[in-house]
Amino acid sequence: MQQLTAVMRTDPELLEATYREPTITAYNRLEARPRAHDFTRSLRAEVRDALWMLTRQWQFGELDAEDAASPIDARLLTRRLTVDRVRLGSGSPEPYDDTVPLETIVERERVPFTHALRLQAAQYFLRLHSSALRAKYLPRYRTAFPFPQNAEADYRGQVDGSNLYVATRRLGFDGEQLLNSVQAGTFETDASIEAADATAMQTITDLFTAWMSRQYSQPAGASDVWSDSRLSYSAAAAAPAGADEEITIVASRYEGGRLDWSSFDVDPNAGAMTLADAPAPPEPLLEAISFLPTSATFKGMPNARFWEMEERSINFGMLDVQTTDHLLLVFAELGLVYGNDWFVVPYRLPANTLCEVQSLVITDVFGDRTLIQAADEGEGNDWQRWSLFNLSNAGELGSYNRQFFLPSAVGTTLESEDLERVLFARDEMANMVWAIEEVIPDATGRGISGYDAADKSGLEPAPIQDSPAAIRYVLGTTVPENWIPFLPAQRPGNVQDIAFQRAAMPRMGVPPRDVVRPKGVLLTESPLPWFVNEEEIPFAGTIVTRRYQRARWYDGRTYLWIGRRRETGRGVGSSNLQFDQILPNRPSAQMEASR
């Protein structure tokens, strides 16, 4: 020790020099050794030496931190706009409020009158009659609004629908004809209503029409919200922004399901949606609110207290991630390591509102005030803009504004089984697209298998009997009746745009009797020629379904409508469609025996 002291006195800078020589480092590990069976006192985590605790905090770097004070006050300034008009498809603007869900208004369509619905309407109409009126006018209703007789061919392939028609065609009457007669004002003449019963019948017909309006949510007239060329809904809404200005948001490619803020874009170039005889539009509302920020929490979040047992239902150690799952790893680290750095500022936003946060000022425990700006604020962020929950500008890639839209959309709905399901599948060998009616609507108001309802007669030509020929000529094969072809074709007046045009397969016969026609609504409602954009049917195909949806709104009323949904298909298909084929002839059993 004395020799080392002498060396240090001779050369004081010796200890300041840096030596990079390999060394072997040894350390001691402290391990707990229990000496008692009772751990009650140990689990208390009693602190005996406060200075030791401060020393350990300094050793682990817990005292080295920025001046990150906790927030105690948040001042929020928002600007709210109320959406008061919508435009469905290419129609005219119409007023809108949140008494009806926006999803219902966009998706709903006319409910087709099946045979079961005609019977249901007729039976409800009879229930409104007294016993004397029912006995008096039921024979007249059967005569005035009869079902077509001997129409079994219209229900071919529909076992339940055909049975229902045969059982009720003479005993019941058509509720659709009855409703049309009431709405046209000719019911008393058509049904030969006597003058003494006119007042009672007026009450009955009013209740009947009110029941039909209440039963189903339907558009007032024909609607083109569903685009048959893009296989999606198209709608727009607008909110007055003051001084003869408005903000227009468009949902040009809503494919059904849930109509939320992500379905809309802001269209800065859209024209004004002027309403005829509309009241004064609502003015923009500036609202300044003060909140007390609270810490953000989530399930599985590490507890802030030292000795508090954490919830065991969530185990982040069981995350199924790979080394390339950077987003999931960063998100998990953000929540586990920096979760206590996030705070929540609650703000109640009315539905059917466009909101923009104009200012956010935070006051911390030290009394300092900080203005929180948007993540993309400043000219230096033009090349790396980042946004969340903002609406993009339509037609401008990477451009968006700071409006947040809270639509009056339903939370959950009860959905029926598919009334109709059509699979659009590409057939690369035949260079075409097939629209396969997997589920078609039945006369009972349900969906049935399109394969079971298809006519299977005449699919294969009759075999050649007793022919010694070794080969046979096949003009062409066919496909099941529920396969409707779409052929690539040029649109009229455009030599470059290729789309898929709906065609038809010939019905087998000598000569061909007719063409095969689709049975569902999806493939028959569009007028011919019908073109579907080529990009709408990808390699994997696409599926379009129709089904009933029922939702309860926040005021307690229920809405029932028919909506559509588009989903990804199941890949390419193959019809094995062939023409002009020379095939080996299969001799009959009689010729085989003669040989």
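**Cavities, pockets and a helix with one buried face**

The count of enclosed cavities of 30 Å³ or more comes to 4 in this structure, which is a predicted model. Rolling a probe the size of a water molecule over the atoms shows where empty space is left. The second largest cavity has a volume of about 50 Å³. Its lining is made up of W226, D228, L231, F424, L522, E525, W530, V544 and R564. By class, 6 of these lining residues are nonpolar and 3 are charged, with no polar residue.

Open spaces come next. The largest pocket holds about 1,900 Å³ of space. It is lined by 42 residues, and W342, F343, L360, I372 and Q373 are the closest to its centre. Several strands contribute to this lining: strand 1 (71–82), strand 10 (343–344), strand 11 (353–364) and strand 12 (369–371) each give at least two residues. Strand 11 supplies the largest share, with 9 residues. The lining of the largest pocket contains 24 nonpolar, 10 polar and 8 charged residues.

For the second largest pocket, the volume is about 730 Å³. Among the 35 residues that line this pocket, T114, Q158, P441, D442 and A443 lie nearest its centre. Two or more lining residues come from each of helix 5, strand 16 (432–441) and strand 22 (542–552). The largest share here, 5 residues, belongs to helix 5. Sorted by class, the lining of the second largest pocket has 18 nonpolar, 9 polar and 8 charged residues.

Helix 5 also appears in the surroundings of helix 10, since it is one of the elements against which the buried residues of helix 10 pack. Helix 10 itself spans residues 198–215, 18 residues in total. From its first C-alpha to its last, helix 10 reaches 25 Å, close to the 26 Å expected at 1.5 Å a residue. The buried residues of helix 10 are M201, I204, T205, F208, W211 and M212. Seen down the helix axis, these buried residues fall within an arc of 120°, so they line one face of helix 10. The face turned away from this buried side carries the exposed residues T199, S213 and R214. Besides helix 5 (115–127), the packing partners of the buried residues are helix 6 (131–144), helix 8 (175–184) and helix 9 (187–190). Helix 5 thus links two parts of this description: it packs against the buried residues of helix 10, and it gives 5 residues to the lining of the second largest pocket.

Key. Residues are numbered from 1 along each chain as its sequence is written. This is a predicted model: local features need pLDDT of at least 70, side-chain atom pairs count only at pLDDT 80 or more; totals for chains, interfaces and linings use all residues. Side-chain values use heavy atoms; hydrogens and water are left out. Helices (H or I, at least four residues) and strands (E, at least two) are DSSP runs, numbered from the N terminus. The expected span of a helix is 1.5 Å times one less than its number of residues. Buried means under 20% relative accessible area, exposed over 50%, partly exposed in between (1.4 Å probe, protein chains only). The arc is that of the directions from the helix axis to the C-beta atoms. Contact means heavy atoms within 4.5 Å. On a 1 Å grid over the protein atoms alone, a cavity is a set of points where a 1.4 Å probe fits but cannot get out, and a pocket is an open set with protein on both sides within 12 Å along at least five of seven lines; lining residues have an atom within 4 Å of a point. Grid points are joined across faces, edges and corners, and a volume is the space filled by probe spheres set on the points. Ala, Val, Leu, Ile, Met, Phe, Trp, Tyr, Cys and Pro count as nonpolar, Asp, Glu, Lys and Arg as charged, and the others, Gly among them, as polar.
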